[in-house]
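Me: I would like a close look at a single part of this protein. Please take one cysteine and then work outward to its surroundings.

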Amino acid sequence: MRYRTEACFFHAEPAALLEFWRKEFEDHDMTCEESAPGQICGGAEDFQVTVTAQPDNCRIGVACTDENWLPDFREHIDEHLSEFDPGIVPLIWSGRFDAGMLPPSLTLARVAGCTPLGASWLRMTLEVDPKSLGRFAGDNWHFRLLRPLDNARTPVWPSLNARGTIDWPDGVNKLTDRVFTIRELDADRGQLTFDIFRHNGGPTCIWAENNPSGQTVCLMGP
């Protein structure tokens, strides 16, 4: 089954829009083909992005095998469109959105412990709801670790908005956002471990070395 979402908009340079997306698909090692005049498709086994650019109508559609991926696809497409033309108004996507809810790709976790691993690394263990760990137990072993810049503040996590994309906390509620690789996953115990490279002045290193056990963090991905 494929889950779908689409957004329509106007742009004065449809040919340039198509060429931009053609390059994006190629740069990300996706398959890319012209499915019809003024239309290209790019993607992989689990998803496809279709861009249609006509003088009077531009559309971007996503079809993927996991409904939980759709908010992330919408967000990434919005980001790429802003690179192409910063003046493009944020897209209004089709679908039903639970505005204010946590994105489905986001999982809350609790720091269970952090110990030195030789001279250059720290190993952190997170406690995660076992029902949320399944999607990490495959080939996609990378995740994003989110936590408040100010550890003394109550975390404000990303949330879905009425357009179907993700609103990110800013200002005093801004989050750190780092990518890590899972080293071990125990679904039965609800635990995930990963390693942090120790280097002077690194905000994640400083945080990890100051005994953050019991703190709540967020995982996004894989």
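Does C41 count as buried, partly exposed or exposed, and what is its relative accessibility?

Reply: This is a predicted model, and every value here is computed from it. C41 counts as buried, because its relative accessibility is 7%. The cut-off for buried is under 20% relative accessible area.

Next, the sulfur. C41 is in no disulfide. The nearest cysteine sulfur belongs to C32 and is 8.4 Å away. That is too far for a bond. A disulfide needs the two sulfur atoms within 2.5 Å, so the pair does not qualify. Seen from the other side, the closest cysteine sulfur to that of C32 is the one in C41. C32 counts as partly exposed, because its relative accessibility is 29%. A search of the whole structure finds zero disulfides.

Now the chain around this cysteine. The chain has 222 residues, and buried residues make up 41% of them. Its secondary structure comes to four helices and 13 strands. The C-alpha atoms fill a box of roughly 60 × 35 × 35 Å along the principal axes. Take the contacts between residues at least 6 apart in sequence: 65% of them join residues at least 24 apart.

Then the nonpolar cores. In soluble globular proteins, nonpolar side chains tend to be buried together. The largest nonpolar core here holds 23 residues. L17, W21, V49, V51, I60, I77 and L81 touch the most other members. Two or more residues come from each of β1 (3–9), α1, β4, β5 (57–64) and α2. The largest share is that of α1, with five residues. One member to look at is L81, which touches L17, W21, I60, I88 and L91, leaving aside residues up to four places away in sequence. Another core lies apart from the largest one. This other core has 20 residues, including F194, C205, W207 and A208.

G202 is also worth a look. G202 sits in the loop between β12 (191–197) and α4 (203–209). This glycine is buried, with a relative accessible area of 4%. G202 and W93 are 109 residues apart along the chain, and their C-alpha atoms are separated by 38 Å.

Last, the pockets. The largest pocket has about 900 Å³ of space. Its lining has 30 residues, with W69, D72, F73, H76 and P222 nearest the centre. At least two lining residues come from each of α1 (14–27), β4 (47–54), α2 (70–84) and β8 (142–148). The most come from α2, which supplies five. By type, the lining of the largest pocket splits into 14 nonpolar, nine polar and seven charged residues.

The second largest pocket has a volume of about 330 Å³. It is lined by 15 residues, and E67, P71, R74, R96 and F97 are the closest to its centre. Here too α2 gives the most, with three residues. The lining of the second largest pocket divides into eight nonpolar, two polar and five charged residues.

Back to the starting point: C41 is buried, and its sulfur is in no disulfide.

Methods: Residues numbered from 1 in each chain as written. Predicted model: local features only at pLDDT ≥ 70, side-chain atom pairs only at ≥ 80, totals over all residues. Heavy atoms only, no water. 1 Å grid on protein atoms, 1.4 Å probe; cavity = no way out; pocket = protein on both sides within 12 Å on 5 of 7 lines; lining within 4 Å. Points joined across faces, edges and corners; volume = space filled by probe spheres on them. Nonpolar A, V, L, I, M, F, W, Y, C, P; charged D, E, K, R; others polar. Core = buried A, V, L, I, M, F, W, Y, C linked by side-chain atoms within 4.5 Å. Buried < 20%, exposed > 50% of the residue type's maximum accessible area, 1.4 Å probe, protein only. Contact = heavy atoms within 4.5 Å.
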